[in-house]
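Biologist: I am new to this structure and would like a close look at one part of it. Could you walk me through the sheet that a helix lies across, and then show me how that part sits among the other features of the chain?

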Amino acid sequence: MLSRRDFLQVSVAAATLVGGLHPLGRMAAAQAISQKDLLDFDPLGNVTLLHITDLHAQLKPIYFREPSINLGVGELAGMPPHITGGDFLERYDIKSKSPQAYALTSSDFTELAKTYGRVGGVDRLATLIKAIRAEREGKTLFLDGGDTWQGSYTSLVTDGEDMVKVMNLLAPEAMTAHWEFTFGAERVQELLEQVEFAFLAGNVRDTDWDEKVFDAISYFERGGVKIAVIGQAFPYTPIANPRYLIPQWSFGIREEDVQAHVDEARAEGAQLVVLLSHNGFDVDRKLTSRVTGLDVVLTGHTHDALPAVEMVGQTLLVASGSHGKFLSRLDLDVGPEGVKDFHYRLIPVFSDIIDPDPEMAALIDEVRAPHKAEIERELGVTDSLLYRRGNFNGTFDDLICDALLAERDAEIALSPGFRWGATLLPGQPITVDDVYSMTSITYPNAYRSQMSGEMLKTILEDVADNLFNPDPYYQQGGDMVRVGGMGYRIDITKPIGQRISEMTLLKTGEPIDAAKDYTVAGWASVNEGTEGPPIYDLVTGYIEKQGTVSVQPNDSVKIVGA
């Protein structure tokens with residue numbers, strides 16, 4: 001019987017991702033796919049940029065389903081990355097049921113996952129990165145877009161130290177940040193004393209002195225080219241996450257500062273200027289249209305994975321996905337007048353056909369060893385596909401809401417629209433590691449409180465505006481708050497205050513009364529002093545009681561205007 005690795009190497013078509021403005025090439029039916037095929041690339045020029053982002057502390061290979069709904073509004077409706085499924089496959093000329101269709105869309109996900117296996121794994125990334133560095137010696141610059149230290153059991157219990165050790169070995173030249181800040185200012189500074197590469201966040205200032213907290217720019221020489229890398233941390237960190245964890249630091253897009261950093265880099269002789277950003281795709285698209293002198297923007301935060309570069313004027317905008325699922329390679333021919341040509345490939349990290357790097361694999365085992373028994377402990381089994389991504393709901397989020405309703409004896413549950421977390425296939429055991437991949441934050445308390453119907457509508461309207469404001473600068477890049485025990489109608493084309501209607505209590509079918517109080521359970525409150533059991537303990541206990549988890553299709557949100 002063929003193993004999955006053998007199957008991939010002898011029977012599946014592999015796409016060729018070509019450079020410039022070209023989309024995916026046509027697949028030839030019977031071409032083998034192997035580690036060599038993943039690394040196959042038509043090299044170009046004197047600089048190679050490698051990029052990962054939004055790793056979310058996922059050290060081991062996982063399943064990860066891309067969203068089936070990713071809506072854009074206004075002039076961005078129907079533009080990448082706001083296309084999914086069949087529309088995505090058609091735009092990029094990808095054959096259905098192919099490896100690339102599996103990697104880049106949610107189409108036929110469960111079926112294809114059983115064929116193509118897990119993705120990611122930092123030991124697999126290490127193999128690819130080392131191979132490219134050897135091929136392009138003296139020309140390669142590897143950059144990490146942030147959201148790296150947070151998202152697993154071990155990252156939570158070590159306060160990020162496990163990820164610092166791993167990333168030091170993976171050896172990017174620079175990183176920026178977002179969820180890293182949720183460990184708190186003091187811990188961030190402690191960890192930075194251990195980091196062996198540049199930490200860039202030019203848009204973070206001290207609130208007392210209005211001075212920069214971190215370096216904004218680092219300079220590198222590759223292939224005879226002077227390169228400036230400008231770091232841009234997530235601009236809404238004190239809004240999306242607790243301000244009390246970073247009380248002396250202010251953030252923001254700071255468009256004028258970005259322009260000043262670009263001008264400074266050019267004045268210092270930089271021939272290639274790269275923005276290493278955690279703004280989110282749409283924010284970076286707007287920023288890039290307004291800032292002059294940027295050659296490349298490596299975007300992060302919104303977890304978008306695009307197999308071709310988006311052009312904004314003369315600037316190359318690159319989206320590299322999340323969870324270690326992809327590695328971007330961008331080869332550039334840089335001359336005295338700037339970028340003359342480029343080749344690009346978004347490399348899917350198919351774990352089963354990549355040889356793990358022994359040194360990295362040993363380190364991963366070492367950092368996980370003290371916690372191995374707990375993280376591998378099985379809590380139950382799922383007979384449903386459990387995933388998170390999607391504008392309005394994910395089945396693992398529905399499971400979290402079910403747990404909140406049951407364990408906190410609530411009428412309504414609210415769960416944040418986070419985008420991080422691995423996917424589980426039907427029939428797969430649910431482990432402690434899986435629960436923490438969805439819930440491992442430093443402010444985990446699951447509250448229980450009374451909220452009026454009016455307050456519930458205000459919350460939904462506020463989050464919807466973060467997601468569907470037609471001006472990207474007012475978008476914070478998460479998904480819609482998940483709800484349990486209630487339904488509603490949303491018109492994404494309306495202004496704030498007018499998007500949400502027909503709010504209904506599912507248990508009774510009655511309309512939610514603006515003047516009435518309801519018992520609401522939730523988690524991830526940004527308010528200091530929130531009380532309640534940690535969400536990961538609550539969900540763990542709930543799954544253990546269920547034994548077998550079955551999540552019913554969620555049709556409680558009616559979407560208008562999409």
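Modeller: Happy to! Let us begin with the helix. Helix H17, residues 453–468, lies across strand E20 (486–491) and strand E21, and H17 runs at about 130 degrees to E21. Please keep in mind that this is a predicted model.

Now look at the sheet itself. Four strands make up an open sheet, and their order is E22-E21-E20-E25, with mixed pairing. Which strands stand at the edges? They are E22 (510–511) and E25 (557–560); each has a single partner strand, so one side of each is left without a neighbour in the sheet.

We can go through the sheet pair by pair, starting from E22. Strand E21, residues 500–505, pairs with E22 in the antiparallel sense, over two bridges. To find this pairing on your screen, pick Thr-504, whose bridge partner in E22 is Pro-511.

Next comes the pairing of E21 with E20. These strands are also antiparallel, with four bridges between them. Here a good landmark is Arg-489, which has Ser-501 in E21 as its bridge partner.

On to E25. E20 and E25 pair over four bridges, in the parallel sense. Asp-491 is the residue to look for, since Val-560 in E25 stands opposite Asp-491.

How covered is E20? Five of the six residues of E20 are buried, so by the 20% cut-off for relative accessible area the strand is mostly covered.

With the sheet in view, let us step back to the chain around it. The protein chain has 18 helices and 25 strands. Its radius of gyration is 23 Å, close to the 24 Å that the globule rule gives for 562 residues, so the chain is as compact as a globular protein of that length. The C-alpha trace spans about 70 × 65 × 50 Å along the principal axes. Of the 562 residues, 63% count as buried. Contacts also reach along the sequence: among those between residues at least 6 apart, 75% join residues at least 24 apart.

Aromatic rings give you another set of landmarks. A search of the whole structure turns up 20 aromatic pairs. One of them joins Trp-179 and Trp-420: the ring centres are 5.5 Å apart and the planes stand at 80 degrees, so this pair is edge-to-face. Trp-179 sits in the loop between strand E3 (174–175) and helix H9 (185–192), while Trp-420 sits in the loop between strand E16 (412–415) and strand E17 (429–431), so the pair ties together parts that are 241 residues apart in sequence. Are these two tryptophans buried or exposed? Trp-179 counts as buried, at 4% relative accessibility, and Trp-420 is buried too, with a relative accessible area of 2%.

Phe-234 and Tyr-236 make another pair, with ring centres 5.8 Å apart and planes at 75 degrees, so they too are edge-to-face. Both Phe-234 and Tyr-236 are buried. You can also pick out an aromatic cluster formed by Trp-149, Phe-181, Phe-199, Phe-214, Trp-249 and Phe-251.

Some rings have a charge over them. The charged end of Arg-65 sits over the ring of Tyr-387, at 3.8 Å from the ring centre. For Lys-226, the charged end sits over the ring of Tyr-219, and here the distance to the centre is 4.9 Å.

Finally, here are some backbone details to visit in the loops. The peptide bond from Pro-80 to Pro-81 is cis, with omega near 10 degrees. Pro-81 lies in the loop between strand E1 (47–52) and helix H3 (85–91).

Asp-409 is not a glycine, yet its phi is positive, at about 50 degrees. You will find Asp-409 in the loop between helix H15 (395–407) and E16, and at 57% relative accessibility Asp-409 counts as exposed. Ala-524 is another residue other than glycine with a positive phi, in this case near 65 degrees. The loop that holds Ala-524 runs between strand E23 (517–522) and helix H18 (535–546). Ala-524 is buried, with a relative accessible area of 12%.

How values were computed. Residues are numbered from 1 along each chain as its sequence is written. This is a predicted model: local features need pLDDT of at least 70, side-chain atom pairs count only at pLDDT 80 or more; totals for chains, interfaces and linings use all residues. Side-chain values use heavy atoms; hydrogens and water are left out. Two strands pair if DSSP finds at least two bridges between them. Contact means heavy atoms within 4.5 Å. Axes are lines fitted to C-alpha atoms, for helices over the stretch in contact, and angles run from 0 to 180 degrees between N-to-C directions. Rings of Phe, Tyr and Trp (its six-membered ring) pair if their centres lie within 6.5 Å; planes under 30 degrees apart count as stacked, over 60 as edge-to-face and the rest as tilted. Buried means under 20% relative accessible area, exposed over 50%, partly exposed in between (1.4 Å probe, protein chains only). A charge sits over a ring if NZ of Lys or CZ of Arg is within 6 Å of the ring centre and within 35 degrees of the ring normal. The radius of gyration is taken over C-alpha atoms; the globule rule is 2.2 Å times the number of residues to the power 0.38.
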